[in-house]
Amino acid sequence: MYFFGMIGQWSSFSMEQVARSYLVYEITGSKTMLGIIGLSGALPMLALSLFGGAVADRFPKKYLIQLSQIGMTLVFLGYGITVNIGYLTEAHPESWWVLVVGGLIMGAIIALAMPARGAVIPEIVNREKLMNAIALNTMGMSFFQLAGPAIAGYVIAGFGYANIFYLMAGLNAAAIIFTTFLPKT
């Protein structure tokens, strides 16, 4: 169940990086804003990643993973809604701040939840299958780092930005459901 739960999160995270970058460039036409968008996700990861392990040691990992999935779902829904209402569009070049704030939130979520994701594997898989589980986890992340941006580009081109954000929210919602089947760790 862990693997199925993580598919939604891995794929949506990879799609988000592309969708957010394309959208900010489409809105502003600024190469500088592309850098700021990337920085908005990286800064909280750098600042908070040291605390992520401590948080994972003190709280149940299953709940930390689910909280991260809920947080990501809410960010993606926020993006989709702001695109749908017409605010996060070229008509409002000042709307880029929504993507920066979302990037800051996503960076914080990832920094605090990533250690829990890595530490839960040895707790849900027996020792004989641990190396295979770690390899499968790494393969899944790597695959979706390749496939996620391609999927995002296709969906954006064919269906628009709101739909990619709703798709990402749906994938995370599915991940929340699959994660409920994990034992409390």
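# Exercises on a predicted model

Ala157 is exposed, with a relative accessible area of 70%. Please keep in mind as you work that this is a predicted model.

## Exercise 1: Ala157 and its helix

Find the helix that holds Ala157, then state how far Ala157 is from Gly140 in space.

Solution. Start with the helix: Ala157 lies in helix 5, which covers residues 130-159. Next, look at accessibility. A residue counts as exposed when its relative accessible area is over 50%, and Ala157 has 70%, so it is exposed. Finally, take the distance: Ala157 and Gly140 are 17 residues apart along the chain, and their C-alpha atoms are separated by 25 Å.

## Exercise 2: the salt bridges

How many salt bridges does a search of the whole structure find? Name the partners in each and say where they lie.

Solution. Begin with the general idea: side chains of opposite charge can pair when their charged atoms come close. The search of the whole structure finds two salt bridges.

Take Arg20 and Glu16 to begin with. Their side chains meet in a salt bridge, at 2.7 Å from N to O. Arg20 and Glu16 both lie in helix 1 (residues 2-28), where they are four residues apart, about one turn of the helix. Both residues are buried.

Now turn to Glu123 and Lys61, whose side chains meet in a salt bridge at 3.2 Å, N to O. This pair links distant parts of the chain, since Glu123 is in helix 4 and Lys61 is in helix 3 (residues 61-84), 62 residues apart. For the accessibility step, use the cut-off of under 20% for buried. Lys61 has a relative accessible area of 8%, so Lys61 is buried. Glu123, at 41%, is partly exposed.

## Exercise 3: a charged residue without a salt bridge

Is Arg117 buried or exposed, and which side chain of opposite charge is nearest to it?

Solution. Locate the residue: Arg117 lies in helix 4, residues 96-124. Arg117 is buried yet has no salt bridge. The nearest side chain of opposite charge belongs to Glu16, and it is 11 Å away. A salt bridge needs the nitrogen and the oxygen within 4 Å. Last, check for a polar partner: the side chain of Arg117 makes a polar contact with the side chain of Gln9, at 3.5 Å.

## Exercise 4: partners far along the chain

Which residues does Leu48 touch, and which residues are in contact with Thr73, when neighbours up to four places away in sequence are left out?

Solution. Leu48 sits in helix 2, residues 31-58. With a relative accessible area of 26%, Leu48 is partly exposed. The residues that Leu48 touches are Ala108, Ala111 and Leu112. For Leu112, compare sequence with space: Leu48 and Leu112 are 64 residues apart in sequence, while their C-alpha atoms are 6.7 Å apart.

Thr73 lies in helix 3. Its relative accessibility is 11%, so Thr73 counts as buried. The contacts of Thr73 are Ala169, Asn172, Ala173 and Ile176.

Then add Gly118 as another pair to trace. Gly118 is in helix 4 and counts as partly exposed, at 40% relative accessibility. Gly118 and Leu50 are 68 residues apart along the chain, with their C-alpha atoms separated by 14 Å.

## Exercise 5: a nonpolar patch

Which residues make the nonpolar surface patch of about 580 Å²?

Solution. The patch is made by Leu67, Ile70, Leu74, Leu77, Ile81 and Ile85. Pick Leu67 and place it: Leu67 is found in helix 3. Then check its accessibility: Leu67 has a relative accessible area of 55%, over the 50% cut-off, so Leu67 is exposed.

Terms used
Residues numbered from 1 in each chain as written. Predicted model: local features only at pLDDT ≥ 70, side-chain atom pairs only at ≥ 80, totals over all residues. Heavy atoms only, no water. Helix = DSSP H or I, 4+ residues; strand = E, 2+ residues; numbered from the N terminus. Buried < 20%, exposed > 50% of the residue type's maximum accessible area, 1.4 Å probe, protein only. Lys, Arg positive; Asp, Glu negative; His and termini not counted. Polar contact = N/O pair within 3.5 Å; in protein donor to acceptor, adjacent residues only side chain to side chain. Contact = heavy atoms within 4.5 Å. Patch = residues over 30% accessible without salt bridge, like charges linked within 9 Å, V, L, I, M, F, W, Y side chains within 5 Å. Areas by Shrake-Rupley, 256 points an atom, 1.4 Å probe, with all protein chains shown as cover.
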